[in-house]
Amino acid sequence: MNWDWEKLQQQQKSRRPSGPGPSGGGGGGTPPQMDELINKFKNMKFSMGPVLIIVAILVILLGSTMVYTVEQREVGVVQRFGKYVRTTYPGLHFKLPMGIETLHIVNVDETRSAGFGLSTAQAEKTLFSSRPAAPSNVYDESLMLTGDLNVGIVPWVVQYNIKDPIRFLFRVHEAEILLKDLSEATMRLVVGDRSINEVLLIREEIASECRTRLQQELDDAETGIQVTALELGKTNVPPKVQPSFNAVNKAEQEKETMIFTARKEYNQAIPAAMGEAKKTILAAEGYALDRVNRAEGDAAKFMALYKEYSKAKDVTRRRLYLETMKDVLPKLGKKYLIDEDQKNVLPLLNLETGNRGVTK
C-alpha cells in the first residue's frame, strides 16, 4: 500500500507554528523524530496474509452456522425469524446463517422420567430410572388426602417420550413442567376417589387409571408428550399416624371377625329353627288333615249305618251287637258260659283270679 508522502509533508508544514522552534532557530524544519517515523513508513510494505486470515475466520463462522448434523433418534426443528418452517431428520443439513434461521434438536426416542415423592436413591431403584427427578420437598409432594378423609403417602414415577416435537416446542411453554403439574393433579384426583385401603392394596389399578387420565390431559393441552408408563411406589401412611392407623386396622379386623362369627352362628341357628318350624307346621297340617278325614269317614260310616238301620231296625241292631261282641270278646281272655238258672256255681268251678269273665 503506497502513501502520498509529499502531500503528507505539506500537511505537516502547514501545521507547524510560525514562532521559533525548540531548537532556537526560526520557523521551521521537521523534528528529527518525525523524520525517522516518516522514513519507517516509507520502507513499510503491507502483505495480504492478515486479510486472508480474517476472511477465512469469517467463512468458518458462517459455515458453522449454516451446516448442522442431526443424529440418529433425533429431529431438527428449524425456525426462520421465529416462525416454524421445516423439520429435518438424521443426516447433514444446511440453514441460513447469522440467526436468520434457528435450529432446535429434539431427541424423540429418548425415554425420560419424572419422579414424584421419591428421593434420587429411591427413584434409581424403580423400573424407570433413566433420569430420576428428585423434587425439593418429596414428602409434601406425595402427601395426599384419600376419599375416606385419611392421609396417605403416594410416590410415583412417570415415564414418557416426545411424540410430536413441534407441539412440544411451540404449543406449550415448558411442556415438561406442565407434565409434572398435570401428573400431580391427576394423581391427587384419582387418589381422592379411593379409600386408604384401596390406595394401599390396589396400586396397579390406580396407576393404570392415572396414566389414562394424564395422557388425556396432555393431549388436550397439545404438549406432544406420550406417557409410556406410570408406576406407583410403596404407598403408606405418615409415620405420625401409623400407630393410630394400625389400631384402626386391628379394630376393623376384630369387627370383621365378630361379624363373620355372628353370620356363621346365624347360618347355623336360623336354618335349623326354620326347618324345625316347617316340620312342626307340616306335622300339624298332617294331623289336622288326618282328623278331618277320620271325622268325615266316621260321619259317612254312621250315615250309611243309619240308612240300613232305618230300613231294618231289628236286623241292623242285632248285627251291630254281634259285630261289637266280636270285637270285644277276644279281648276278655278265658270265658265261661253258664246257664242263667244254675245256682251255686262257685263250688263247682275253681275260677282263677285273672279270669273273671262270666257270661250267662
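Here a biologist and a modeller talk through sheets, helix packing and an aromatic pair in a predicted model.

Biologist: Before we start, what kind of model is this, and how are residues numbered?
Modeller: This is a predicted model, in which local features need pLDDT of at least 70 and side-chain atom pairs count only at pLDDT 80 or more, while totals for chains, interfaces and linings use all residues. Residues are numbered from 1 along each chain as its sequence is written, and side-chain values use heavy atoms, with hydrogens and water left out.

Biologist: Okay, which strands make up the sheet with β9 in it, and in what order?
Modeller: That open sheet has three strands in the order β6-β9-β10, with antiparallel pairing; strands here are DSSP runs of E with at least two residues, helices are runs of H or I with at least four, and both are numbered from the N terminus. Two strands pair if DSSP finds at least two bridges between them.

Biologist: And which ones are the edge strands?
Modeller: The edge strands are β6 (112-116) and β10 (225-232), each of which pairs on one side only. From one strand to the next, the twist averages 20°.

Biologist: How many bridges join β6 to β9?
Modeller: Five bridges join β6 to β9 (residues 156-162), and these two strands run antiparallel. Within this pairing, Ser-113 stands opposite Gln-159 in β9.

Biologist: Which strands does α7 touch?
Modeller: Helix α7 packs on the sheet and touches β6, β9 and β10, with its direction at about 140° to that of β9; contact means heavy atoms within 4.5 Å. Helix α9 lies across β9 and β10, and runs at about 160° to β10.

Biologist: So at what angle do α7 and α9 pack?
Modeller: Helix α7 (residues 175-192) and helix α9 (residues 203-220) pack at an angle of about 135°, with their axes 9 Å apart. Axes are lines fitted to C-alpha atoms, for helices over the stretch in contact, and angles run from 0 to 180 degrees between N-to-C directions. The two helices α7 and α9 are therefore oblique to each other, since angles under 35 degrees count as roughly parallel, over 145 as roughly antiparallel, 65 to 115 as roughly perpendicular and the rest as oblique.

Biologist: Which residues of α7 meet α9?
Modeller: Leu-179, Leu-182, Ser-183, Thr-186, Met-187, Leu-189 and Val-190 in α7 meet a set in α9 that includes Ile-206, Cys-210 and Leu-214.

Biologist: Changing topic, how many aromatic pairs does the structure hold?
Modeller: The structure holds two aromatic pairs, where rings of Phe, Tyr and Trp (its six-membered ring) pair if their centres lie within 6.5 Å, and planes under 30 degrees apart count as stacked, over 60 as edge-to-face and the rest as tilted. One of them is the tilted pair of Tyr-84 and Phe-170, at 6.3 Å centre to centre and with 50° between the planes.

Biologist: Where do Tyr-84 and Phe-170 sit?
Modeller: Tyr-84 is in strand β3 (residues 83-88) and Phe-170 is in helix α6 (residues 165-171), so that pair links distant parts of the chain, 86 residues apart.

Biologist: What order do the strands have in the sheet with β3?
Modeller: This open sheet of three strands has the order β3-β2-β5, with antiparallel pairing. Both β3 and β5 (101-107) stand at the edges with a single partner strand each, so one side of each is left without a neighbour in the sheet. Strand β2 (residues 74-80) pairs with β3 over five bridges in the antiparallel sense, and Arg-80 stands opposite Lys-83 in β3.
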